[in-house]
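This report describes how selected helices pack in one protein chain and where enclosed space remains. Please consult the sequence and the structure shown here while reading.

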Amino acid sequence: QLIQQGGIAGVLAAGVAPAFAQSLPDVKWRLSASWPKSLDTLFGVCENVAKRVGEITSGKFQISTHAAGEIVGGLQILDAVQVSGVEAGHTAPYYFFGKNPAFAFGSCLPFGMNARQQNAWWYYGGGEALYNDFLKPYNIKCIPAGNTGAQMGGWYRKEIKSVADLKNLKFRVGGVAGVILARLGVVPQQIAAGDIYPALEKGTIDAAEWVGPYDDEKLGFVKVAKYYYTPGWWEPNSQNSMFVNLKAWDALPKEYQAAFSAACGESNTMCMAKYDHVNPTAMKSLISKGALLRRFPESVLDACYKASLEQYDEWSAKHPEFKTMYDSFNKYLKIETDWFQVSEGTIDNYMVKKLKKYLNHYFCYYVFLAIFSEK
């Protein structure tokens, strides 16, 4: 099972590609992304999938990659893949929660799982089968391909000191989080990556979130909003997914399906690893450019958590597809949280205490120390 899901299959398949590729057809696909090319880690997943598929199949299965706007807009991936405008699209499925909130489970749920827990639920906890059953009426199959890990809480022109500061805040925030924040008075705006900076610069919005230090620095937010908040509770992980047209998928030879799945699995691991590699340096750079790091007050987090649970109850009552996945997801989250508290959380907390002085010096800002000192 693991070989079918991950990059190991790519390594194995690469060795036997010349033998099977000779008798298989030439296939060309188009892959459209929700990201501009400047976001090289996210768009890099598309490029890596195309590259690895080509290598594994000796060039018989070729995939051309297209950034947001080249074929369709960044928020139009679902429709394009559904009607065969493109064979595949790389996106954050929660963008399409307006059609059904259950789409969010292909990305993340606020106050939900971290990246490793999401993978565990998807691959072994029944998430993959539940989600792809949900997608069948849309003529789409979903394959995980990349994760950002826990995200930051965004850039603000003013400090957020209480829940009252959220009222009437025009905030670029994607998917489910916008609906939850609206319960607390926020005016959510879903804007594609390339359009966020000008909206923030012109004052069309008051705040914006994207991913984390590396991508946020590329998009230049520190130039127009100084307060940089953590944690991005709405994305404790963010699985980026490959949407594939189901008819196009079924028409592929099994060997090509295996190659594509393997390349996605490999990219799922590499994307997370790259973010873990580049974010620390980018965080230091942003602070040197004037970013003022802040932690959301506990009262704000508590209010957002309460609003999240209320929203999930409402969606569970209205959308049976959401309830089916949420029941599975929530049960699994509790099990995983218990385990991570025993092992991962224990060693992480210990190491933070031991490295406090280093962390404080490294990020050159007292607030970062305060974040990790808070009980």
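Helix 3 (residues 40-56) and helix 11 (residues 254-288) pack at an angle of about 145°, with their axes 9 Å apart. The model is predicted: local features need pLDDT of at least 70, side-chain atom pairs count only at pLDDT 80 or more, and totals for chains, interfaces and linings use all residues. Residues are numbered from 1 along each chain as its sequence is written, and side-chain values use heavy atoms, without hydrogens and water.

Helices are DSSP runs (H or I, at least four residues) numbered from the N terminus. Axes are lines fitted to C-alpha atoms over the stretch in contact, with angles from 0 to 180 degrees between N-to-C directions. In contact (heavy atoms within 4.5 Å), Val 45 and Val 49 are among the residues of helix 3 that meet helix 11, whose partners include Ala 263 and Met 270.

Helix 12 (residues 298-318) and helix 13 (residues 320-342) have axes that come within 6 Å and cross at roughly 125°. Helix 12 is therefore oblique to helix 13; oblique covers angles that are not under 35 degrees (roughly parallel), over 145 (roughly antiparallel) or 65 to 115 (roughly perpendicular). Trp 315 is one of the helix 12 residues in this contact, and Tyr 326 is one of those in helix 13.

The table gives both contacts by residue class. Ala, Val, Leu, Ile, Met, Phe, Trp, Tyr, Cys and Pro count as nonpolar, Asp, Glu, Lys and Arg as charged, and the others, Gly among them, as polar.

| Contact | Nonpolar | Polar | Charged |
|---|---|---|---|
| Helix 3 with helix 11 | 12 residues | three residues | four residues |
| Helix 12 with helix 13 | six residues | one residue | two residues |

Definitions and conventions. Helices (H or I, at least four residues) and strands (E, at least two) are DSSP runs, numbered from the N terminus.
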